[in-house]
Amino acid sequence: IQSRISSLSSINLNAIPRDRVGFGTKVTVEDINNGNLITYELITPEEINPKEGKISLSSPIGAALLNKAVGDEVKIKLPSAVKEYVISDIVTLHQILKGE
């Protein structure tokens with residue numbers, strides 16, 4: 001736990017994008033095929049909870065969303081299908097920390 005706390009405390013906030021999906025971002029995507037909205041939060045692997053939409057950057061969905069911006073289309077290859085989404089909203093870690 002101590003090593004994880006140390007690595008998290010050394011995260012350089014300036015390296016996290018302010019206008020694109022990155023660590024800590026809450027991203028809402030719209031399924032292109034059915035219009036359903038899904039919100040994901042990109043977090044550390046220790047906190048993942050897919051039922052709550054909490055996924056890691058190393059997951060297939062997290063990796064596909066990384067560095068994307070509002071309006072970008074994303075194709076995600078999942079074991080059961082290929083999903084197509086458009087990013088409809090992002091709230092970055094910077095905004096969350098400022099309470100926006």
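A polar contact here is a pair of N or O atoms within 3.5 Å, where one can donate a hydrogen and the other can accept it. Keep that cut-off handy for the exercises below, and remember that this is a predicted model.

**Exercise 1. Serine 56 and its surroundings**

Task: work out where serine 56 sits, whether serine 56 is buried or exposed, and which side chain makes a polar contact with the side chain of serine 56.

Solution:
- Step 1, find the element. Serine 56 belongs to strand 3, which covers residues 54-56.
- Step 2, check the cover. The relative accessible area of serine 56 is 8%. Buried means under 20%, so serine 56 is buried.
- Step 3, look for the partner. The side chain of serine 58 lies at 3.0 Å in a polar contact with that of serine 56.
- Step 4, list the neighbours. Leaving out residues up to four places away in sequence, serine 56 touches Leu42, Ile43, Pro45, Ile48 and Gly62.

**Exercise 2. Wiring up the strands**

Task: lay out the order of elements, then work out which strands pair and in which sense.

Solution:
- Step 1, count. The protein chain has three helices and five strands. Read from the N terminus, the order is α-β-β-β-α-β-β-α.
- Step 2, start with strand 1. Strand 1 (residues 26-31) pairs antiparallel with strand 5 (residues 82-91) over six bridges; lysine 26 sits across from valine 91 there. Strand 1 also runs antiparallel to strand 2, with five bridges, and threonine 28 faces threonine 39 in that pairing.
- Step 3, add strand 3. Strand 2 and strand 3 are parallel, with three bridges. In this pair, glutamate 41 is opposite lysine 54.
- Step 4, add strand 4. Strand 4 (residues 73-77) pairs antiparallel with strand 5 over five bridges.
- Step 5, pick out the hairpins. Strand 4 connects to strand 5 through a hairpin of four residues. Strand 1 and strand 2 form a hairpin with five residues between them, and glycine 35 in that turn has a positive phi of about 80 degrees.
- Step 6, put the pairings in a row. Following the partners gives 3-2-1-5-4.

**Exercise 3. Lysine 75 across the hairpin**

Task: find the bridge partner of lysine 75 in strand 5, and say whether lysine 75 is buried or exposed.

Solution:
- Step 1, place the residue. Lysine 75 is in strand 4, and its bridge partner in strand 5 is glutamate 84.
- Step 2, check a distance. The C-alpha atoms of lysine 75 and tyrosine 85 are 6.5 Å apart, although 10 residues separate them along the chain.
- Step 3, list contacts. Beyond four places in sequence, lysine 75 touches Ala64, Val82, Lys83 and Glu84.
- Step 4, judge accessibility. Lysine 75 has a relative accessible area of 62%. Exposed means over 50%, so lysine 75 is exposed.

**Exercise 4. Salt bridges**

Task: say how many salt bridges a search of the whole structure finds, and describe the residues in them.

Solution:
- Step 1, count. The search turns up two.
- Step 2, take the arginine. Arginine 20 bridges to aspartate 19, with the closest N and O atoms 3.3 Å apart. Arginine 20 is partly exposed at 32% relative accessible area.
- Step 3, take the lysine. Lysine 54 and glutamate 52 form a salt bridge with an N to O distance of 3.8 Å. Lysine 54 is partly exposed at 28%, while glutamate 52 is exposed at 52%.

**Exercise 5. The nonpolar core**

Task: say which residues have the most contacts inside the largest nonpolar core, and which elements each supply at least two residues of this core.

Solution:
- Step 1, name the hubs. The largest nonpolar core has 14 residues, and Val21, Val27, Val29, Tyr40, Leu65 and Ile87 have the most contacts inside it.
- Step 2, find the suppliers. At least two core residues come from each of strand 1, strand 2 (37-43), helix 2 (60-65), strand 4 and strand 5.
- Step 3, zoom in on one hub. Valine 27 touches, among others, Val21, Ile38, Tyr40, Leu65 and Ile87, not counting residues up to four places away in sequence.
- Step 4, recall the general trend. Nonpolar side chains tend to be buried together in soluble globular proteins.

**Exercise 6. An odd phi**

Task: say what is notable about the phi of asparagine 67, and where asparagine 67 is found.

Solution:
- Step 1, recall the background. Most residues other than glycine have a negative phi.
- Step 2, compare. Asparagine 67 is not a glycine, yet its phi is positive, about 70 degrees.
- Step 3, locate. Asparagine 67 is in the loop between helix 2 and strand 4, and is partly exposed at 41% relative accessibility.

How values were computed: Residues are numbered from 1 along each chain as its sequence is written. Side-chain values use heavy atoms; hydrogens and water are left out. Buried means under 20% relative accessible area, exposed over 50%, partly exposed in between (1.4 Å probe, protein chains only). Contact means heavy atoms within 4.5 Å. Two strands pair if DSSP finds at least two bridges between them. A salt bridge is a side-chain nitrogen of Lys or Arg within 4 Å of a carboxyl oxygen of Asp or Glu. A nonpolar core is a set of buried Ala, Val, Leu, Ile, Met, Phe, Trp, Tyr and Cys residues joined through side-chain atoms within 4.5 Å.
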